[in-house]
Amino acid sequence: MQTEQGVLRVSISVTFLLAAAGIVFGLLAGSFAIVFDGVYALIDATMTIVALLVSNLIAASTAVGAPTNRLVKHFTMGFWHLEPMVLGLNGILLIGAAIYALINSIGSILAGGRLLAFDYAILYA
């Protein structure tokens with residue numbers, strides 16, 4: 001866990017675990033807010049995997065004696081520009097999920113709300 005990749009791997013594992021728990025408990029409780037929390041965490045974990053891949057690609061391409069394969073020859077200026085692109089995509093996906101949750105919550109309010117099973121919601125909390 002001394003490298004960036006090690007920290008990202010731990011983050012991915014814990015985030016997937018929390019995302020799965022959020023989705024399961026949200027469905028059991030009938031709470032779309034808890035399900036949204038799980039889906040949001042799932043998107044975050046998926047984008048962390050992409051960030052890990054980009055981080056590994058950058059590290060491999062800048063290492064001493066890095067192999068000169070077709071991919072390295074194609075990206076003559078390096079892979080550093082991929083990192084902000086991943087961050088931008090992450091932001092767009094998370095904003096999209098938040099907008100969907102907003103629309104869903106407005107629909108719930110207009111329909112008079114939902115009945116919740118508070119035992120599962122309290123257990124999740």
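These legends describe close-up views of a predicted model.

**View 1. The whole chain is built from helices.**
The protein chain holds five helices and zero strands. Read along the sequence, the pattern is α-α-α-α-α. The chain has 125 residues, and 26% of them are buried. Take the contacts between residues at least 6 apart in sequence: 69% of these join residues at least 24 apart. The accessible surface comes to about 8,500 Å². Carbon and sulfur atoms account for 73% of that surface.

**View 2. Helix α2 spans the length expected of it.**
Helix α2 runs over 32-62. Its 31 residues should span 45 Å at 1.5 Å a residue, and its end C-alpha atoms are 44 Å apart, so the two values agree. Which residues of α2 are buried? They are I34, V35, G38, A41, I43, A45, M47, T48, L52, V54, S55 and I58. In an α-helix, residues three or four places apart point the same way, because there are 3.6 residues a turn. Two of the buried residues in α2, G38 and L52, have views of their own below.

**View 3. G38 is a buried residue of α2.**
G38 sits in helix α2. Why does G38 count as buried? Its relative accessibility is 0%, and the cut-off for buried is under 20%. Set aside neighbours within four places in sequence, and G38 is in contact with A19, G22 and I23. A20 is also worth locating in this view. G38 and A20 are 18 residues apart along the chain, and their C-alpha atoms are separated by 6.4 Å.

**View 4. L52 is another buried residue of α2.**
L52 also belongs to helix α2. With a relative accessibility of 9%, L52 counts as buried. Look next for E83. L52 and E83 lie 31 residues apart along the chain. The separation of their C-alpha atoms is 9.9 Å. E83 falls within the range of α4 (82-110).

**View 5. Helix α4 has buried residues covered in part by α2.**
Helix α4 has 29 residues. From its first C-alpha to its last, α4 reaches 42 Å, close to the 42 Å expected at 1.5 Å a residue. Its buried residues are L82, V86, N90, L94, A97, A101 and S108. What covers these buried residues? The cover includes α2. G112 follows α4, and its phi is positive, near 100°.

**View 6. N90 of α4 contacts D44 and M47.**
N90 is placed in helix α4. Is N90 buried or exposed? N90 counts as buried, because its relative accessibility is 16% and the limit is under 20%. Leaving aside neighbours within four places in sequence, N90 is in contact with two residues, D44 and M47. M47 is itself one of the buried residues of α2.

**View 7. S108 of α4 touches G113 and R114.**
S108 lies in helix α4. Its relative accessible area is 13%, so S108 is buried. Not counting residues up to four places away in sequence, S108 touches G113 and R114. F32 is the other residue to find here. S108 and F32 are 76 residues apart in sequence. In space they are 9.5 Å apart, C-alpha to C-alpha. Both F32 and R114 return in the next view, among the residues nearest the centre of the largest pocket.

**View 8. The largest pocket is lined by residues that include parts of α2 and α4.**
About 250 Å³ of space lies in the largest pocket. How many residues line the largest pocket? Its lining has 15 residues. F32, A33, F36, N104 and R114 lie nearest its centre. α2 and α4 each supply at least two residues of the lining. Which helix gives the most to the lining? α4 does, with six residues. By type, the lining divides into nine nonpolar residues, five polar and one charged. R114, nearest the centre along with F32, A33, F36 and N104, is a contact of S108.

Key:
Residues numbered from 1 in each chain as written. Predicted model: local features only at pLDDT ≥ 70, side-chain atom pairs only at ≥ 80, totals over all residues. Heavy atoms only, no water. Helix = DSSP H or I, 4+ residues; strand = E, 2+ residues; numbered from the N terminus. Buried < 20%, exposed > 50% of the residue type's maximum accessible area, 1.4 Å probe, protein only. Contact = heavy atoms within 4.5 Å. Areas by Shrake-Rupley, 256 points an atom, 1.4 Å probe, with all protein chains shown as cover. 1 Å grid on protein atoms, 1.4 Å probe; cavity = no way out; pocket = protein on both sides within 12 Å on 5 of 7 lines; lining within 4 Å. Points joined across faces, edges and corners; volume = space filled by probe spheres on them. Nonpolar A, V, L, I, M, F, W, Y, C, P; charged D, E, K, R; others polar. Expected span 1.5 Å × (residues − 1).
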